[in-house]
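Visitor: Could we go through how the ligand is held here?
Guide: Gladly; let us bring it up and begin with what counts as being around a ligand.
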Amino acid sequence: MKIALIGNGAIAKLVTQFCAARSTKYNVLAALGLPSDTISVGAHPIVRSLPDLLALQPDLVVECAGHSAVKSYGAATLRAGINLMIVSTGSLADQALWDEISMAADTSTAKLKLPAGALPGVDALAAGKLAGIDRVELKSSKPPKAWSGTPAEKTHDLTKIMEPTVIFSGTARQAALAFPKNANVAATAALAGIGFEKTKVTLIADPGVTQNVHRLEADGAFGSLRLEIFANPSPDNPKTSHMAALSIMRLLDHEASAIVI
Ligand SMILES: NC(=O)c1ccc[n+]([C@@H]2O[C@H](COP(=O)([O-])OP(=O)(O)OC[C@H]3O[C@@H](n4cnc5c(N)ncnc54)[C@H](O)[C@@H]3O)[C@@H](O)[C@H]2O)c1
């Protein structure tokens with residue numbers, strides 16, 4: 001499978017290593033990066049425009065860059081008929097962008113693929129939805145310093161937090177839009193389950209945790225779901241859970257394997 005990446009950071013590096021170790025199955029052709037991306041995370045070259053990336057005729061483009069990249073390149077990739085995987089799922093809380101991207105997927109031969117990222121239980125949410133889900137709630141706890149550079153800095157002195165403190169409570173849409181680098185999981189829960197307005201999200205600064213902790217609750221006709229993940233950070237980016245890259249690898253495996261689970 002010929003893969004093109006958008007992004008040249010922590011996730012791109014892990015996905016590249018995964019592909020290099022399975023070179024009979026996967027070939028990373030190139031990565032589209034920012035001008036600051038001067039040294040490639042793999043043996044592949046960095047290109048500077050989407051036309052240059054698509055000219056290499058990938059089977060699949062994997063976005064692992066950020067919300068701005070989804071906005072700039074998502075719909076155009078699908079309109080070109082090329083399958084797209086988006087890990088920055090929080091970008092899809094922007095209704096206009098979602099409309100553009102879902103329309104591009106619907107009207108082309110390409111498929112949009114959304115990995116679970118750091119969220120546990122996506123399979124159960126998506127299956128449970130088929131019978132009807134009444135309630136989905138996600139509580140995400142991170143160490144206080146992980147919320148630096150977010151709106152939490154305006155409402156709290158993160159250096160003085162001594163006990164678990166709620167820094168946001170609202171819908172998945174509000175969370176994903178206000179915390180673009182920290183609430184992709186909220187968007188993934190919404191997309192797999194009952195949508196951006198009905199999915200309730202609480203974000204917590206907790207000095208007692210060293211990992212990113214996500215607690216997912218859902219109730220519906222299928223029964224009840226209670227899941228908790230203590231996600232280790234990515235080796236090269238403490239803000240990104242290692243699971244984000246692993247979930248991309250799992251979907252790549254789905255594409256290339258005869259037996260899928
Ligand atoms: N779904 C999830 O659970 C989940 C979890 C973690 C991260 N993420 C998403 O994955 C993204 C990447 O994570 P990372 O740890 O690899 O980040 P990173 O900062 O290590 O790397 C990001 C890379 O993308 C490049 N980039 C940024 N904007 C770009 C643009 N507009 N066009 C081209 N390249 C661009 C950067 O230059 C960099 O090379 C995050 O921004 C986040 O949105 C999702």
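Guide: A residue is taken to be near a molecule if one of its heavy atoms lies within 4 Å of it. Please keep in mind that this is a predicted model.
Visitor: Okay, which residues around the ligand come nearest?
Guide: The ligand has 25 residues around it, and those that come nearest are Ile11, Asp37, Ser88, Asn237 and Thr240.
Visitor: And what classes of residue make up that shell?
Guide: The shell around the ligand has 12 nonpolar and 12 polar residues, together with one charged residue.
Visitor: What about polar contacts: what lies 3.0 Å from a nitrogen atom of the ligand?
Guide: That is an N or O atom in the side chain of Ser68. On the backbone side, a polar atom of Asn8 is 3.0 Å from an oxygen atom of the ligand, and a backbone N or O atom of Ala118 also lies 3.0 Å from a ligand oxygen.
Visitor: How much of the ligand's accessible area does the protein cover?
Guide: On its own the ligand has 860 Å² of accessible area, of which the protein covers 85%.
Visitor: Switching topic, where does the ligand sit?
Guide: The ligand sits in the largest pocket. Elements giving two or more residues to the shell are helices H1 (10-20), H3 (67-79) and H8 (184-192), and strand S13 (237-241).
Visitor: Which one gives the most?
Guide: H3 does, with three residues.

Technical notes:
Residues numbered from 1 in each chain as written. Predicted model: local features only at pLDDT ≥ 70, side-chain atom pairs only at ≥ 80, totals over all residues. Heavy atoms only, no water. Polar contact = N/O pair within 3.5 Å; in protein donor to acceptor, adjacent residues only side chain to side chain. Areas by Shrake-Rupley, 256 points an atom, 1.4 Å probe, with all protein chains shown as cover. 1 Å grid on protein atoms, 1.4 Å probe; cavity = no way out; pocket = protein on both sides within 12 Å on 5 of 7 lines; lining within 4 Å. Sits in = over half its atoms within 2 Å of the grid points. Helix = DSSP H or I, 4+ residues; strand = E, 2+ residues; numbered from the N terminus. Nonpolar A, V, L, I, M, F, W, Y, C, P; charged D, E, K, R; others polar.
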